[in-house]
Amino acid sequence: MKILSIISTFIFVVTAHSFTLSNNSSVKGWKDGEVTFVVNTANCPAGVDVIKAIKDAAEIWNQVPTSSLKVKYGGTTTATTDGDPIVVRCSVNFSGDTGGADEDGTVGVARANGTDRLASGQMILNASTGDANIANVSKKALDIVVTHEMGHALGLGHSQSTSAVMYYTYSFKTDLNLTQDDIDGISYLYPKDEFDDNMFAGCGLVSSQLPPTGPMYFLFLSLILLLPLLVYLKLKSKLKILPQY
Ligand SMILES: [Zn+2]
């Protein structure tokens, strides 16, 4: 029993992943679930399509069926501070602009601020000299980072699940996809309204899945019980006509 208890505790611990929020729990996403990102390409490395990465990340977050979130690309900007729309920019002074982020290990950062709802935000991508410059990572890595940072700007913190896009590093991520944990997090912040205001929400019986009742029940039961007997008799009769050698 003790071994079983240890095993079950271990299973519970390793499967208990969950999303977190980037702000305190009283701040619940952007108002109306409509979030726009604008891009300042001034310091972005040549050959790195940050706008495309933002559009692709927006599409990924928009495809969660249980969420009402609508992320949009709103064009270019010259802004360099937190705002609404959220400003995305590349920094050649990444550590200084981000308050001390490691230039050689951090590809991007993002934040969003607000009281009841998020109201301003910014994403900064690393364009400083070093291994973590966005020009020095693969296209897939950049896409994962931008999707991850967009998650922060939308209000998500880090997940404990190594396969989640919101895990703190993309080192374990082989494909750019949202996991159930990412989906749960974004659906919590931006739940889909299934029904209009004041509309009754109900659920019904699915008749095809119900067992038969009354006389039909006895017919149903009889067939279930008779079936093995019929199969047995059929096999027995076949065995009788087998030629003998
Ligand atoms: Zn992060």
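Donors are N, O and S atoms within 2.8 Å of the metal (3.2 Å for Na, K and Ca); water is not among the atoms, so sites may look incomplete. This is a predicted model: local features need pLDDT of at least 70, side-chain atom pairs count only at pLDDT 80 or more, and totals for chains, interfaces and linings use all residues. Residues are numbered from 1 along each chain as its sequence is written, and side-chain values use heavy atoms, with hydrogens and water left out.

**Exercise 1. The metal site**

Find the residues that coordinate the zinc ion, and give their spacing in sequence.

Solution.
- Step 1: The zinc ion is held by the NE2 atoms of His148, His152 and His158, at 2.0 to 2.1 Å.
- Step 2: Along the sequence, these donor residues follow H-x3-H-x5-H.
- Step 3: Check the cover. Buried means under 20% relative accessible area, exposed over 50%, and partly exposed in between (1.4 Å probe, protein chains only).
- Step 4: Histidine 152 has a relative accessible area of 11%, so it is buried. Histidine 158 has 37%, so it is partly exposed.

**Exercise 2. The overall fold**

How many helices and strands does the protein chain have, and in which pattern do they follow?

Solution.
- Step 1: Fix the terms. Helices (H or I, at least four residues) and strands (E, at least two) are DSSP runs, numbered from the N terminus.
- Step 2: The count is 6 helices and 5 strands.
- Step 3: Read along the sequence, the pattern is α-β-α-β-β-α-β-β-α-α-α.
- Step 4: The protein chain has 245 residues, and 36% of them count as buried.
- Step 5: Contact means heavy atoms within 4.5 Å. Take contacts between residues at least 6 apart in sequence: 72% of them join residues at least 24 apart.

**Exercise 3. One side of helix 2**

Test the span of helix 2, then locate its buried residues.

Solution.
- Step 1: The expected span of a helix is 1.5 Å times one less than its number of residues.
- Step 2: Helix 2 (residues 50-62) has 13 residues, so it should span 18 Å. Its end C-alpha atoms are 18 Å apart, which agrees.
- Step 3: The buried residues of helix 2 are Val50, Ala53, Ile54, Ala57, Ala58, Ile60 and Trp61.
- Step 4: They cover an arc of only 160 degrees around the axis, so they lie on the same side of helix 2. The arc is that of the directions from the helix axis to the C-beta atoms.
- Step 5: An α-helix has 3.6 residues a turn, so residues three or four places apart point the same way.
- Step 6: The cover over these buried residues includes strand 1 (34-40), strand 2 (70-76), strand 3 (86-91), strand 5 (118-126), helix 4 (139-154) and helix 5 (180-189).
- Step 7: Turn to helix 5. Its buried residues are Asp181, Asp182, Gly185, Ile186, Ser187 and Leu189. Helix 2 and helix 4 are among what covers them.

**Exercise 4. The disulfide**

Which cysteines are joined by a disulfide, and what parts does the pair tie together?

Solution.
- Step 1: A disulfide is a pair of cysteine sulfur atoms within 2.5 Å. By this rule there is 1 disulfide.
- Step 2: Cysteine 44 is joined to cysteine 90, S to S 2.0 Å. The link is right-handed, with 85 degrees about the S-S bond.
- Step 3: Cysteine 44 lies in the loop between strand 1 and helix 2, and cysteine 90 in strand 3, so the pair ties together parts that are 46 residues apart in sequence.
- Step 4: Both ends are covered: cysteine 44 is buried at 15% relative accessible area, and cysteine 90 is buried at 2%.

**Exercise 5. Backbone details**

Locate a cis peptide bond and a positive phi.

Solution.
- Step 1: Most residues other than glycine have a negative phi, and most peptide bonds are trans.
- Step 2: The bond from aspartate 84 to proline 85 is cis, with omega near 10 degrees. Proline 85 sits in the loop between strand 2 and strand 3.
- Step 3: Aspartate 32 has a positive phi, near 65 degrees. Its place is the loop between helix 1 (2-15) and strand 1. At 62% relative accessibility, aspartate 32 counts as exposed.

**Exercise 6. A distant partner**

Where is valine 35 found, and is it buried or exposed?

Solution.
- Step 1: Valine 35 is in strand 1, and is buried at 1% relative accessible area.
- Step 2: Valine 35 and leucine 154 are 119 residues apart along the chain, yet their C-alpha atoms are separated by 7.7 Å.
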